Amino acid sequence: MVDVKFEDQAQLQLLDQDEEEEDCFESIDKLISQGINAGDVKKLQDAGIYTCNGLMMHTKKNLTGIKGLSEAKVDKICEAVEKVVSMGYVTGSDLLTKRKQVVKITTGSQALDELLGGGIETASLTEAYGEFRSGKTQLAHTLCVSTQLPIHMHGGNGKVAYIDTEGTFRPDRIVPIAERFGMDAGAVLDNIIYARAYTYEHQYNLLLGLAAKMAEEPFRLLILDSIIALFRVDFTGRGELADRQQKLGQMLSRITKIAEEFNVAVYMTNQVIADPGGGVFISDPKKPAGGHVLAHASTIRMMLRKGKGEQRVAKIIDAPNLAEGEAIFQISPGGIVDAKD
């Protein structure tokens, strides 16, 4: 288990991580040395683009939509970026080396970590769906703390960004979880940045603003609790379904780019809906909200359900490198722990 006591290691290590971060992305400022006007670089930053890697994830059509950037300027910027960052083919060996930068963050439960292949993975989107009280938000609170553990203690040695769409984040819940891991609760809370989103547009704008923070400080986790709630409120009826899915797809694309650009883990919670087509032979005819758009965007899809008492069951539904399986964990005052027999 990871309930190991230590003093200020995690907080001190968070301050020393800038050197490692340089391997992850190239700052947009490097374009100035390639002959790009500093004013044009500032326009890119105002549009939420802070790294060369992030710039390569935008289409020319998007870039020409930025006020003050003509097609000629965009072409020149794209040429300059290609000199700084290579976004072409690489060998499988190169990719394997790059995968060594991926960090696996403990959930607090060894059984759940093993199910996930070591924990919540950076540069990936992990989705947890289930009914209310299935442990989705409790896992989010535990990850807020475990992400700040040093790497050698199965943490992420980084800060946490939390976008809350349902008003379920509780800072007082963080305190006993931090104490369980032997960490200073005040320092842990200082390393969590929190925003309450009220509309899907607000939620998207909060994501755009994250790039500036992640380019400056060592973040390792982005939590969206939940990803779908505001879309279900802001778009109603079948007539708006196509528009909803398109906007959801754009948001998920932005989240994927953040995960890969800054090598952060993304943990999203999702709600379930009744599945009238489930049939009488299915004991629990519920399915995750968000349809195929959300299903395809998630790297790892996990279903949570209630067990007996405080026990919860996690099941891998879809993952590129994990076998389907189940794990039992428990909710305790100190967060997610292994289930007691």
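Which residue in strand 6 does V160 stand opposite? The residue is L221. This report covers a predicted model, beginning with the strands around V160.

## Strand 4 and its two partners

Strand 4 covers residues 159-164, and 6 of its 6 residues are buried. The side chains divide between two directions: K159, A161 and I163 point one way, while V160, Y162 and D164 point the other way. Both sets are buried, charged residue names included among them being K159 and D164.

Strand 4 has parallel pairings with two other strands. With strand 6, residues 219-225, the pairing is parallel and runs over 6 bridges. With strand 5, residues 192-196, there are 5 bridges, and the two strands run parallel. V160 takes part in both pairings: L221 stands opposite V160 in strand 6, and I192 is the bridge partner of V160 in strand 5.

## Aromatic pairs

The whole structure contains 6 aromatic pairs. In one of them, the ring centres of Y162 and Y194 are 6.1 Å apart and the planes meet at 40°, so the pair is tilted. This pair links distant parts of the chain, with Y162 in strand 4 and Y194 in strand 5, 32 residues apart. Y162 counts as buried because its relative accessibility is 1%, whereas Y194, at 38%, counts as partly exposed. Y162 and Y194 also belong to one aromatic cluster with F169.

Another pair consists of F231 and F235, which are stacked, with 6.2 Å from centre to centre and 10° between the planes. Both of these phenylalanines are buried.

## Nonpolar cores and helix 9

In soluble globular proteins, nonpolar side chains tend to be buried together. In this model the largest nonpolar core has 40 residues, and the members touching the most others are L112, C144, V145, I192, I223, Y267 and M302. Helix 9, residues 136-146, supplies the largest share of this core, with 5 residues. A second core, separate from this one, has 30 residues, including F219, L222, I228 and L248.

Helix 9 is itself mostly covered, with 10 of its 11 residues buried. Among the buried residues are L139, A140, L143, C144 and V145, and also K136, H141 and S146. L139 is one of the contacts of L112, which also touches T107, M302, A314, A327 and F329 when residues up to four places away in sequence are not counted.

## Strands 11, 12 and 13

Strand 12, residues 326-332, is mostly covered, with 5 of its 7 residues buried. Strand 11, residues 311-318, runs antiparallel to strand 12 and is joined to it by 5 bridges. Within this pairing, V313 stands opposite I328.

Strand 12 also runs antiparallel to strand 13, residues 335-338, through 4 bridges. A hairpin of 2 residues joins strand 12 to strand 13, and S332 has G335 as its bridge partner in strand 13.

## P288 and Q245

P288 lies in strand 9, residues 286-288. Its relative accessibility is 16%, so P288 counts as buried, the cut-off being under 20%. Leaving out residues up to four places away in sequence, P288 touches E127, Y129, N270, Q271, V272, I273 and R301. P288 and E131 are 157 residues apart in sequence, yet their C-alpha atoms are 9.4 Å apart in space.

Q245 belongs to helix 14, residues 241-262. Q245 counts as buried because its relative accessibility is 17%. A polar atom of the Q245 side chain lies 2.9 Å from the backbone oxygen of G290. Beyond its neighbours within four places in sequence, Q245 is in contact with G290, G291 and V293.

## Confidence

The chain has an average pLDDT of 86, and 90% of the residues score at least 70. Two stretches fall under 50. Over residues 1-13 the pLDDT stays under 50, and the model has 35 contacts beyond four places in sequence for them. Residues 15-23 also have a pLDDT below 50, with 10 contacts beyond near neighbours in sequence. Where pLDDT is low, the predicted coordinates should not be read in detail.

How values were computed: Residues are numbered from 1 along each chain as its sequence is written. This is a predicted model: local features need pLDDT of at least 70, side-chain atom pairs count only at pLDDT 80 or more; totals for chains, interfaces and linings use all residues. Side-chain values use heavy atoms; hydrogens and water are left out. Buried means under 20% relative accessible area, exposed over 50%, partly exposed in between (1.4 Å probe, protein chains only). Two strands pair if DSSP finds at least two bridges between them. A nonpolar core is a set of buried Ala, Val, Leu, Ile, Met, Phe, Trp, Tyr and Cys residues joined through side-chain atoms within 4.5 Å. Contact means heavy atoms within 4.5 Å. pLDDT is the predictor's confidence in each residue, from 0 to 100. A polar contact is a pair of N or O atoms within 3.5 Å; within protein, one must be able to donate a hydrogen and the other to accept it, and residues adjacent in sequence count only if both atoms are side-chain atoms. Rings of Phe, Tyr and Trp (its six-membered ring) pair if their centres lie within 6.5 Å; planes under 30 degrees apart count as stacked, over 60 as edge-to-face and the rest as tilted.
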